[in-house]
Amino acid sequence: MTNVPRCMSIALMCQKGGVGKTTSSIQIATAISQILTPTQPGRPTVALLDCDPQRSTQRWFALRSELFKAEQNPDRKGELSNPVMVQMAPEKVTEKLDEILSRGTSSGIQCLVIDTPPSILHCNAVVAAVADIIIIPTPPQALDLWAVEGTLKMIKEARGSDKLQPQIVFSLTAPKSAYGVQSKLNEAAKAIRTDYGARYLVNVLSEYSITRRQAMSSSIQSGLGITEFDPEGKSAAEIRKLARWCVSQFEDIRHEEDRRADHRVAAAGGRQRRPVGR
Ligand SMILES: Nc1ncnc2c1ncn2[C@@H]1O[C@H](COP(=O)(O)OP(=O)(O)OP(=O)(O)O)[C@@H](O)[C@H]1O
Ligand SMILES: [Mg+2]
């Protein structure tokens, strides 16, 4: 039997609207799809799931599908989209999430990126309860930082005793080279650690902020991710760095799961054997 990596999940969530959840979901999913090695050649490795009734991620994917049709764009003839999209109405997601993740594993999908709606809907709690990585994009401004607490509370309640560190990534930031930007980011990171660090286990990925750049929205309007649209650009480099961090987290999570499984087997007096799949 082949060792199929289980489908890891990354949720982009924030109760505040317009902070870059959808943009980050699409960009991270596309960048990760260029990093992961398919279990079989030519198979997609990443899927996107849109839990937001606004359906923005779905619309991006529809645009992308047109782009990838051979007759529309001979340059992409024969190419299949990676990421693929989970076609499901948002209201169904809550009851089907486990099934989506196990279906992903059996079809070679190694990563599910979940775009969630603003506000605290039931589906956000369901996603928060199972996600392997939760990224909260937020601009580094006071009003936005204050609003992060509602999201952190919801995640804490959804996880119960199952601890997870939500990750803050500063979004829509000015370029770091601009005057005073780096110190503003440092201040924002410090405020989050001081106000919420101990209570919500939150971590700030202060080296991974996502800068506001026209190319980011242009890539989405073109049905592409930034790492496809402008692979050599600064935004692509930022997104690729964040995607690599996510992939390195997958490795850590797998090692920890293997270690625990070995420990359980050893405790039961059996021979140590690595689990396959989830
Ligand atoms: N890095 C970026 N550079 C330029 N524009 C961006 C960037 N990130 C987001 N935007 C723009 O900011 C706006 C809000 O982004 P987005 O829709 O991704 O946020 P959201 O959190 O998903 O919003 P909602 O809560 O409504 O779902 C959009 O117009 C998007 O194009
Ligand atoms: Mg959105």
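Which residues point one way from β2, and which the other way? I began with this strand, keeping in mind that the model is a predicted one. I noted Val46, Leu48 and Asp50 on one side of β2 and Ala47 and Leu49 on the other, every one of them buried. In a regular strand, side chains alternate between the two faces of the sheet.

I then looked up how covered the strand is as a whole, and found that β2, which spans residues 46-50, is mostly covered, with five of its five residues buried.

Next I turned to the partners of β2. With β4 (residues 111-115) it pairs in the parallel sense over five bridges, and with β3 (residues 84-85) the pairing is also parallel, over two bridges. I followed alanine 47 to both sides: its bridge partner in β4 is leucine 112, while in β3 it stands opposite valine 84.

My next entry concerns the largest nonpolar core, which has 60 residues and in which Ile10, Ile28, Cys111 and Ile114 have the most contacts. I looked more carefully at isoleucine 114 and, setting aside neighbours within four places in sequence, listed its contacts as Ser9, Ile10, Ala11, Leu12, Leu49, Cys51, Val127 and Ala131.

Last, I looked up what surrounds ligand 1. There are 18 residues around it, of which Gly17, Lys21, Thr22, Thr23 and Met216 come nearest. By kind, I recorded five nonpolar, nine polar and four charged residues in this shell. Helices α1 (21-33) and α7 (214-221) each supply at least two of the shell residues, and α1 gives the most, with three.

How values were computed: Residues numbered from 1 in each chain as written. Chains lettered and ligands numbered in written order. Predicted model: local features only at pLDDT ≥ 70, side-chain atom pairs only at ≥ 80, totals over all residues. Core = buried A, V, L, I, M, F, W, Y, C linked by C-beta atoms within 7 Å. Buried ≥ 20, exposed ≤ 12 C-beta atoms within 10 Å, placed from the backbone. Contact = placed C-beta atoms within 7 Å. Near = placed C-beta within 6 Å. Helix = DSSP H or I, 4+ residues; strand = E, 2+ residues; numbered from the N terminus. Nonpolar A, V, L, I, M, F, W, Y, C, P; charged D, E, K, R; others polar. Pairing = 2+ DSSP bridges.
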